[in-house]
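Student: I've got a model open and I'd like to talk it through with you. Can we start with single residues and then zoom out?

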Amino acid sequence: TQTERTLVLVKPDGVRRGLIGEIIRRIEAKGYRIAEAHLRTADRDVLTHHYEEHKGKPFYEPLVSFMSSGPLMALVVEGNRVIEGFRSLAGTTDPTTAAPGTIRGDLARDWGLPVAQNLVHGSDSPQSAQREIALWFPHIHQGH
Ligand code: DAT
Ligand code: MG
């Protein structure tokens with residue numbers, strides 16, 4: 001199996017709650033490698049591209065506002081089958097029902113807001129990963 005890369009974001013709720021270390025700990029404990037890391041506050045332009053598949057959905061505007069509400073940690077994570085593997089570590093989208101043992105299941109919940117604050121993003125396919133890594137880390141070489 002070819003080594004793979006995925007784009008992970010520790011969202012602004014994760015940074016505000018002091019969970020960057022816990023989330024990176026889980027990624028590393030699983031055996032994946034942090035290849036790139038960048039703490040930044042995302043502007044609406046990068047988020048519009050990042051979430052273009054969700055444009056027009058009811059949670060889209062709250063999602064973009066939330067994601068630009070403070071610093072987030074962008075990571076490139078590497079390892080065999082890491083795209084699938086990180087999605088599994090993260091748990092399902094709704095933190096209320098995400099399985100215990102996952103990042104979202106253990107550490108996130110519903111706060112009664114219009115957008116789910118579920119701590120992390122992970123690319124959902126090789127095509128998404130390549131597109132998202134190029135968007136968040138435009139200077140790095142797209143290998144493999
Ligand atoms: P995921 O982040 O699990 O890939 P997604 O790509 O479908 O989920 O949606 C992007 C983000 O938008 C998600 O992390 C939280 C928010 N979101 C998705 N569906 C939602 C919904 N029905 N209500 C509120 N927020 C939602
Ligand atoms: Mg998604």
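Student: Does H121 count as buried or exposed?
Tutor: Keep in mind that this is a predicted model. H121 sits in strand β4, residues 120-122. A residue needs 20 or more other C-beta atoms within 10 Å to be called buried. H121 has 22 such neighbours, so it counts as buried.

Student: Which residues is H121 in contact with, leaving aside its neighbours within four places in sequence?
Tutor: H121 is the residue that the unreviewed UniProt entry covers with the annotation "active site". Once those sequence neighbours are left out, the contacts of H121 are V8, L9 and K11.

Student: What residues are around ligand 1?
Tutor: H121 belongs to this group. By class, the shell has four nonpolar, four polar and one charged residues. The full list is H54, F59, L63, T93, V115, A116, N118, H121 and D124.

Student: Which residues does the UniProt annotation "binding site" cover?
Tutor: That label comes from an unreviewed entry, so take it as a record; such annotations may be inferred rather than shown by experiment. The residues it covers are K11, F59, R87, T93, R104 and N118.

Student: Is F59 buried, exposed or partly exposed?
Tutor: F59 is found in the loop between α3 and α4, and its contacts beyond four places in sequence are P114 and V115. The cut-offs are 20 or more neighbours for buried and 12 or fewer for exposed. F59 has 14 other C-beta atoms within 10 Å, so the verdict is partly exposed.

Student: What about T93, is that buried or exposed?
Tutor: T93 is in the loop between α5 (82-90) and α6 (103-107). Not counting residues up to four places away in sequence, T93 touches A116 and N118. Because just 10 other C-beta atoms lie within 10 Å of its own, T93 is exposed.

Student: Where does L47 lie, and which residues is L47 in contact with once neighbours within four places in sequence are left aside?
Tutor: L47 lies in helix α3, residues 44-50. With 19 C-beta neighbours inside 10 Å, L47 falls under the buried cut-off of 20, so it counts as partly exposed. Its contacts, with those sequence neighbours left aside, are A42, V64, M67 and S68.

Student: How far apart are the C-alpha atoms of L47 and P71?
Tutor: Along the chain, L47 and P71 are 24 residues apart. In space, their C-alpha atoms are separated by 13 Å.

Student: Zooming out, what pattern does the chain follow along the sequence?
Tutor: The chain has seven helices and four strands. Over residues 3-142, which the unreviewed UniProt entry annotates as "domain: Nucleoside diphosphate kinase-like", the chain is 40% helix and 20% strand. Read along the sequence, the pattern is β-α-α-β-α-α-β-α-α-β-α.

Student: What radius of gyration does the chain have, against that of a compact globule?
Tutor: The C-alpha atoms fill a box of roughly 40 × 35 × 25 Å along the principal axes. For 144 residues, a compact globule would have a radius of gyration near 15 Å. The chain agrees with that, at 14 Å.

Student: What share of the contacts with a separation of 6 or more comes from residues 24 or more positions apart?
Tutor: For background, 35% of the 144 residues count as buried. Among contacts with a separation of 6 or more, residues 24 or more positions apart account for 69%.

Technical notes:
Residues numbered from 1 in each chain as written. Chains lettered and ligands numbered in written order. Predicted model: local features only at pLDDT ≥ 70, side-chain atom pairs only at ≥ 80, totals over all residues. Near = placed C-beta within 6 Å. Nonpolar A, V, L, I, M, F, W, Y, C, P; charged D, E, K, R; others polar. Helix = DSSP H or I, 4+ residues; strand = E, 2+ residues; numbered from the N terminus. Contact = placed C-beta atoms within 7 Å. Rg over C-alpha atoms; globule rule 2.2 N^0.38 Å.
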